[in-house]
Amino acid sequence: MGKKKQNWSALTSNDVGMDALAIKQSFAGAVEYRQARDEYSVSDWDFFQSLAFAVRDRMLDRWNRTQQNHYKADKRRVYYISLEFLIGRLLRNALLNLGMFDEAKAAMADFGLDIEELLNKEEDAGLGNGGLGRLAACFLDSMATLGLPAMGYGIRYEYGMFRQRIEGNRQVEVPNNWLRFDSPWDIGRPNFLLPVKFGGRVNPRYAADGRIEFDWVETQEVMAVAHDFLVPGYRNDACNTLRLWAAKSSRVFDFANFNRGNYVQAVHDKTLSENISWVLYPNDNVAEGKELRLKQEYFLVSATLQDAFRRHLKTNDSVRNLHEKAVFQLNDTHPALAIPELMRLLLDDYKLSWEDAWHITRHAMAYTNHTILPEALEQWSVALLEKVLPRHLQIIYEINHRFLEDVKHKFPGDDARLRRVSIIGEDGLRRVRMAHLAVIGSYSVNGVSELHSGLVQTRLFPDFAEIYPERFNNKTNGVTPRRWMAACNPFMAALITKSIGDGWIGDLSKVALIAPLAKKAKFKNDWRAAKLACKQRLAAWIKERQGIDVDVNSIFDVQVKRIHEYKRQLLNVLHVLHRYLDLKKGIGLDRPPRTVFIGGKAAPGYHTAKSIIHLINAAGELINNDADTNHLLKLVFIPNYNVSVAEMVIPAADLSQQISTAGLEASGTGNMKFAMNGALTIGTRDGANIEIGEAVGEENIYFFGLSKAEVDETFQRGYYPRAILQKDPALREVLDFIESGRLAPNDPHAFSSILESVLYHGDRFLVLADFAAYRDAQRRVDKDFADTDQWTTMSILNTALTSRFSSDRTITSYAEEIWHTESVPSAPKPSKG
């Protein structure tokens with residue numbers, strides 16, 4: 001008996017109303033039928049889950065129609081592949097984008113529930129670490145809001161990034177089991193499995209037509225299981241998908257081992273298969289960690305490409321036009337294995353010629369570079385690739401051979417160039433340079449700020465820019481104003497909406513309408529009140545969690561980001577200690593009080609970064625407990641910094657620290673979020689700081705320090721950090737204070753490695769070189785903050801003039817200039833009957 005095709009959407013058209021009564025009915029049904037609770041057993045967690053399910057039902061309604069629209073429109077689809085998606089909590093953002101926050105709040109109030117308490121029950125999704133993952137999440141929001149036929153693809157990490165604790169002033173990593181209670185947003189597809197193979201060997205053979213074909217045999221197989229998270233657009237009825245892959249063993253356990261009585265080994269083998277999706281960024285300081293990381297990256301791209309082929313063949317008779325109907329955006333080098341994997345599928349499974357397969361691949365892949373730090377550009381040993389992905393290594397060799405032949409033809413006799421551009425690095429251990437593979441195999445290569453994109457062409461890939469000048473372009477990063485203004489800063493958002501309407505939430509260019517209001521006394525008073533409310537909210541949160549009292553009238557001076565030497569949290573803490581030592585001598589007592597907040601995680605194997613966290617916390621312990629000065633200065637390290645913490649911290653900031661060594665920060669997105677929330681930036685001319693300065697005006701930002709050109713010149717002429725101390729006794733005083741052991745009496749040499757890195761190991765990130773300029777810029781901050789009226793004007797203008805940093809603008813540029821795709825209009829829900 002054949003299945004009858006039903007229009008399920010029409011049959012359920014009255015089940016997902018948006019009014020408070022309909023929400024109450026859905027919520028009550030979820031409590032009873034999904035959570036299986038009654039009035040005696042229900043908990044706040046059940047209430048959160050039930051509200052989330054009620055909201056998810058409304059998203060699913062839009063999602064089903066959106067998928068149908070995408071198939072009917074048959075526009076080029078975007079597959080955004082990223083090893084990280086830092087999506088944070090989802091309920092508040094979903095309520096905002098669906099336009100039902102007030103209705104849901106009223107519905108919960110009718111049950112005697114506070115919606116804010118329910119929102120705070122949600123766990124942050126453990127799917128990312130830093131800016132790379134947060135950018136990807138912002139892009140998903142904008143792709144849905146713009147109605148683009150796009151999907152995100154990542155890995156459903158069981159534990160995600162570690163949870164950070166501070167014990168004895170040091171970072172301690174503990175597992176982040178964010179899925180221990182399951183997630184209401186996680187729509188598992190257990191019957192949708194795709195095989196991913198590893199290891200084995202390759203057998204060449206002659207096909208009937210005389211061509212050599214290759215069989216990848218004796219492999220280990222892992223199954224990729226799809227889990228979907230829905231991404232609603234802002235009030236446009238569109239709902240896209242973030243598809244995450246979980247690894248499952250291809251069988252419950254090895255029956256051969258079981259039958260031999262070795263049950264433990266059988267289960268152990270199953271566990272090894274599934275650990276691919278257990279944790280974000282395994283420690284790659286050991287061989288096992290490197291191999292697991294490589295398997296993660298291949299697991300992601302293999303499952304994603306198989307899924308794309310499946311979807312493509314639903315509406316197309318052949319894979320030969322795949323590049324016309326799909327584009328795969330590689331978010332950094334991590335997914336670069338998509339290039340040889342697409343070639344493998346086309347060559348081995350679909351039997352295309354090399355020329356045809358390469359044409360499709362080269363016109364379907366686009367690559368975003370996020371760093372010029374050499375150590376951050378992935379390279380895999382040839383031996384490891386040969387072990388894990390032998391067929392792909394063959395394909396990479398062939399890509400490289402053909403590419404180098406073209407280069408020889410274009411630049412005859414230039415052997416040095418051949419060595420520089422080869423995918424295979426021959427210096428020492430032979431390695432596959434994944435960034436080279438990404439450039440060669442993509443039709444577009446973009447950087448993420450004007451400065452960074454220029455450096456990508458002139459410093460990182462100058463040979464490739466000469467060979468393929470048409471491929472290189474800039475797409476300055478952006479952030480979504482929905483989450484990073486409207487949702488996280490209700491006080492400022494309400495004031496802006498009251499003044500100019502709510503159109504700015506969907507079109508941030510309209511926020512410029514508040515610029516003239518920066519001259520109005522009433523608006524400025526209201527702006528200060530909104531900022532104060534944010535600061536009070538953060539102060540109460542800090543008091544509750546860390547027991548530290550902070551002065552809401554002090555300058556809230558914030559640096560929150562991944563802990564890394566180039567981001568120079570060390571420069572920040574050196575200045576805090578300098579300020580503290582001045583106060584102890586009676587210097588600067590008339591300056592505005594200041595509370596310095598620092599937050600971020602250090603990679604578990606990154607000793608120097610973890611030592612910097614130790615230094616920050618040790619300094620904070622001393623400063624915060626000094627009754628002589630703690631009314632004028634405090635230093636607070638915020639543990640376990642994540643998206644939800646950022647949503648609390650960023651709106652409260654007066655000053656945003658973006659102080660990386662010039663030329664090393666590709667773009668940054670935190671700098672944008674702070675400026676859009678009215679914080680003033682103190683920063684180097686690096687990444688998107690430059691463009692923020694252009695947008696808000698140099699009079700509304702605090703630039704300091706060496707430019708990229710001056711950084712290069714400093715190293716070229718010879719940089720001697722110890723010579724700086726001879727000219728700056730205040731800086732020497734700070735370093736001597738750290739060396740004295742006062743900050744760690746039980747371990748007086750705790751910070752020796754930090755001191756050695758800046759004094760004897762070259763001060764690679766120019767912390768000492770920029771200290772004096774940084775100190776001078778901070779003094780300008782003190783002076784300006786004391787003029788409340790002027791500071792408020794500058795704050796308003798930072799918000800009003802930063803609309804270009806909306807991710808809607810960024811994604812529009814990607815869609816028009818790289819992806820060559822269009823929005824798909826939303827279709828109304830069909831009526832019954």
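Asp-626 is buried in this predicted model, because its relative accessible area is 10% and a residue counts as buried when that value is under 20%. The residue sits in the loop that runs between helix 24 (607–624) and strand 19 (633–638). When residues up to four places away in sequence are not counted, Asp-626 touches Tyr-580 and Lys-584, and with the side chain of Lys-584 the side chain of Asp-626 makes a polar contact of 2.9 Å.

A second loop residue, Ser-554, is found between helix 22 (521–546) and strand 17 (555–560), and this serine is also buried, with a relative accessible area of 1%. Leaving aside neighbours within four places in sequence, the residues in contact with Ser-554 include Lys-535, Pro-593 and Arg-594, together with Thr-595, Asp-654 and Phe-785.

The two loop residues can be set side by side.

| Residue | Relative accessible area | Loop between |
|---|---|---|
| Asp-626 | 10% | helix 24 (607–624) and strand 19 (633–638) |
| Ser-554 | 1% | helix 22 (521–546) and strand 17 (555–560) |

Turning to the nonpolar cores, the largest one holds 148 residues, and those that touch the most other members are Leu-51, Val-55, Met-143, Trp-245, Phe-299, Phe-328 and Trp-819. Helix 10 (residues 287–315) gives the most to this core, contributing 10 residues. Apart from this core lies another, made of 62 residues, among them Tyr-702, Leu-731, Phe-751 and Leu-759. As for Val-55, its contacts, leaving aside neighbours within four places in sequence, are with Leu-91, Ala-94, Leu-95, Leu-98, Met-100 and Trp-185.

Terms used. Residues numbered from 1 in each chain as written. Predicted model: local features only at pLDDT ≥ 70, side-chain atom pairs only at ≥ 80, totals over all residues. Heavy atoms only, no water. Helix = DSSP H or I, 4+ residues; strand = E, 2+ residues; numbered from the N terminus. Buried < 20%, exposed > 50% of the residue type's maximum accessible area, 1.4 Å probe, protein only. Contact = heavy atoms within 4.5 Å. Core = buried A, V, L, I, M, F, W, Y, C linked by side-chain atoms within 4.5 Å. Polar contact = N/O pair within 3.5 Å; in protein donor to acceptor, adjacent residues only side chain to side chain.
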